[in-house]
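Here is a two-part look at a protein model, written for someone just starting out with structures. Keep the 3D view open and turn it as you read.

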Amino acid sequence: MVEKIETVLKHGKGFISFVVAGDPNFDKSADYIVALAEAGADVVEIGIAFSDPSADGETIMKADLRATAAGSTTRKVFELVEKVRQRTQVPLVFLTYTNPVFTYGYEAFLAKMKEYEVQGIIMPDLPLEEQAEFVALAEKYQRSFIQLVTLKSGNRIPDIVKHASGFVYVVSSLGITGTRQNLSTDAYELITQINQLTDVPTAVGFGVSQPDQVSQFSNAQAVIVGSAIVKIIAAHPFDAERYLTTFVKDMKAAW
Amino acid sequence: MTKKGYYGEYGGQFIPELLMPTVNDVADAFNHYKDDADFKSELKDLFDNYANRPSLLYHAKNMSKELGGAQIYFKREDLNHTGAHKINNVLGQALIAKRMGKSRLIAETGAGQHGVATATAAALFGMEAEIFMGKEDTDRQALNVYRMKLLGAKVHAVDTGTMVLKDAVNATFQEWTKRIDDTFYVLGSAVGPYPFPEMVKYFQSIISEEAREQFLSQTGKLPDAVIAAVGGGSNAIGAFSKFISDQDVALIGVEAAGKGIHTTQTAATITNGTQGIFHGMKSKFLQSSDGQIDPVYSISAGLDYPGIGPEHAYLADIKRAQYVPITDDEAVQAFEYIARTEGIIAAIESSHAVAYAMKIAPNMRPDQQIMVNLSGRGDKDVAAIARYKGVEINE
């Protein structure tokens, strides 16, 4: 039985990891998702490769290219999820730009997510102004549409968290995805503000890559690591399991 | 517009939360200043005394006579300062940026005309400018790259994706998310999230505002057809705008067919595209059935774009405007033809519009009139056309 995202994250000290489906190929992707879950990842985000990943830095852009070269299609991503579900009960969340979901059909996509027990979805280019239709459908299919809050959200935050489900994705820095040496402490205050407005867990990401950064976000229920994991897979495309396991354990231990 | 930022079902604001507050600030500023008397008079002064407006409406008599049908008129946006219609929108947006207290302009560019215009405005207003241009376009439009540098702008060659206009747009949005507070994204085409398509239309509408009056005073009537090239659609929406409610004026957008609409080397979005969400807007795009954006092709760096502005998608749906494809070959023939018959070297983008006028004019009556929006001048294209024709030139 797959647990709800809120349930696994509510105790805090959570770790959310990210892989691009099909990087370096679909069989290895399945192995890596299972390895991350077994090492202790509380939620795994599965990225769907896009031709124009404009919110992503070089690391994830290159992973998208590798996945595209491996023949990534929306159908193959669903096949991957179906296989992964036979091996792990970890909550799964898609991370994708809106267009692949829109062209598939919002409702058809959510129906597939329900069928394969994918609990949530992050679409970074579907802001508050445009998400009403999708959020209503996500509720109908009991899927979580993950809301993003940034350092610039300001007076938009109450409206955004009102629609929160699964977790609130706190974007810790400006710019695009990628690892960063120094993270601003402004995110800490942002997390406090969100925690006061909602019971939905907060997870902080964008630039988080090292165990010693985790303690900066002691008020968040989870940290999200994308690019650092993608880099491990890029460095060890066919035998990343043990490196991923070590990394997840180190990050979990850093809380 | 129906609901905020929508033209029928097209438009919207599909951008990351990180940019939403600043894009909404831009929308508020635009909606305020577009009705502000001081702003309007400052812009008018810049148009008339810096950009060389109004642009001429020129009766192309040689061409009209030789084709033996409708009278062809060129709206001479190529005679504007910096050589294209792009300056109209840039001066407007840069003035808004200035009033918002921004000190740095960033912009995408395809053929380089919008980048040159943005670099020009930055020089004039004492602002920083950084221009993002696909690596492939920096190669085929090397002269414009150097012009931008002369004007004090920093030019980034974008080497991601297909290394053309759409990738330059991606890179400029990325840059904006990295540095928001002092930076204004001067979007050059009628694309992107609201308010950009509306704002670009507002500033480019000067084209049809002038043309409408010029037709009435020079010929006593409106044109029967207005023809403009369409990539993202900025010159076309400007040329159409004030004629949209004149139901007897046919509006024709000319898309780049590249090597043909039945090949993969094309950029004819309305002809071959499907609905999608990309670059901040819901519109029509050339894409796979999976929603992956297609690589596109045209000889023209300015029309080499996989989408189209949302209002064009709407005008096509309601059949108020018609969108037709013109191939590289046809555009190059038109480029050469008006050079010989009218003594005008037009941009390869604009030559697509000329090519379609050459197709329909002979089937119209001599008392009918066609306006072709000559959106830019062709100096930048001379070397590329020579290459296309297999001629070697050494500068």
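What follows goes through chain A, then chain B, and then the places where parts touch. One thing to keep in mind from the start: this is a predicted model.

**Chain A**

Let's begin with the overall build. Chain A has 12 helices and 9 strands. How does its radius of gyration compare with that of a compact globule? A compact globule of 255 residues would come out near 18 Å, and chain A has 16 Å, which agrees. If you draw a box around its C-alpha atoms along the principal axes, that box is roughly 40 × 40 × 35 Å. Of the 255 residues in this chain, 55% count as buried. The chain also brings together parts that are far apart in sequence: take the contacts between residues at least 6 apart, and 75% of them join residues at least 24 apart.

Now find the sheet. Chain A has an open sheet of 9 strands with parallel pairing, and the order across it is β5-β4-β3-β2-β1-β9-β8-β7-β6. Its edge strands are β5 (144-145) and β6 (147-149) of chain A, and each of them pairs on one side only. Inside the sheet, strand β1 (residues 14-20) of chain A runs parallel to strand β9 (residues 222-225) of chain A, and 4 bridges join the two. To spot one of these pairings on screen, look for A:Gly14, whose bridge partner in β9(A) is A:Ala222.

For a look at a loop, pick A:Arg87, which lies between α4 (74-85) and β3 (92-95) of chain A. Is A:Arg87 buried or partly exposed? A:Arg87 has 13 other C-beta atoms within 10 Å, so it counts as partly exposed. A:Arg87 and A:Ile33 are 54 residues apart along the chain, yet their C-alpha atoms are separated by 9.6 Å.

**Chain B**

Chain B is assigned two domains: domain 1 (7-47 + 85-200) and domain 2 (53-83 + 205-388). The C-alpha centres of domain 1 and domain 2 of chain B are 22 Å apart. Where they meet, 40 residues of domain 1 of chain B are in contact with 42 residues of domain 2 of chain B. Several elements give two or more residues to the domain 1 side of this contact, among them β2 (10-14), α4 (86-99) and α5 (113-125) of chain B. Which element gives the most to that side? It is β2(B), with 5 residues.

That makes β2(B) a good strand to follow further. 5 of its 5 residues are buried. It belongs to an open sheet of 4 strands with antiparallel pairing, in the order β1-β2-β12-β11 (chain B). At the edges stand β1 (6-7) and β11 (274-278) of chain B; each has a single partner strand, so one side of each is left without a neighbour in the sheet.

On one side, β2(B) pairs with β1(B) in the antiparallel sense over 2 bridges, and B:Tyr6 stands opposite B:Gly11. The hairpin of these two strands has 2 residues between them, and B:Gly8 takes a positive phi near 60 degrees there. β2(B) is also joined by 2 bridges to strand β12 (residues 280-285) of chain B, again antiparallel. B:Gly11 turns up here too, with B:Lys282 as its bridge partner in β12(B).

**Where parts touch**

The contact of the two chains takes 31 residues from chain A and 26 residues from chain B. On the chain A side, α5 (98-104) and β6 each supply at least two residues, and α5(A) gives the most, with 6 residues.

Here is the make-up of two touching sides:

| Side | Nonpolar | Polar | Charged |
|---|---|---|---|
| Domain 1 of chain B, touching domain 2 of chain B | 18 residues | 17 residues | 5 residues |
| Chain A, touching chain B | 14 residues | 11 residues | 6 residues |

Finally, look at the largest nonpolar core, which has 220 residues. Its members that touch the most other members are A:Val170, A:Ala203, A:Val223, B:Leu105, B:Val226 and B:Ile227. The core draws at least three residues from each of domain 1 and domain 2 of chain B. Leaving out residues up to four places away in sequence, B:Val226 touches several residues, including B:Phe240, B:Leu251 and B:Met371.

How values were computed: Residues numbered from 1 in each chain as written. Chains lettered and ligands numbered in written order. Predicted model: local features only at pLDDT ≥ 70, side-chain atom pairs only at ≥ 80, totals over all residues. Rg over C-alpha atoms; globule rule 2.2 N^0.38 Å. Buried ≥ 20, exposed ≤ 12 C-beta atoms within 10 Å, placed from the backbone. Contact = placed C-beta atoms within 7 Å. Pairing = 2+ DSSP bridges. Domains from an automatic or database assignment. Nonpolar A, V, L, I, M, F, W, Y, C, P; charged D, E, K, R; others polar. Core = buried A, V, L, I, M, F, W, Y, C linked by C-beta atoms within 7 Å.
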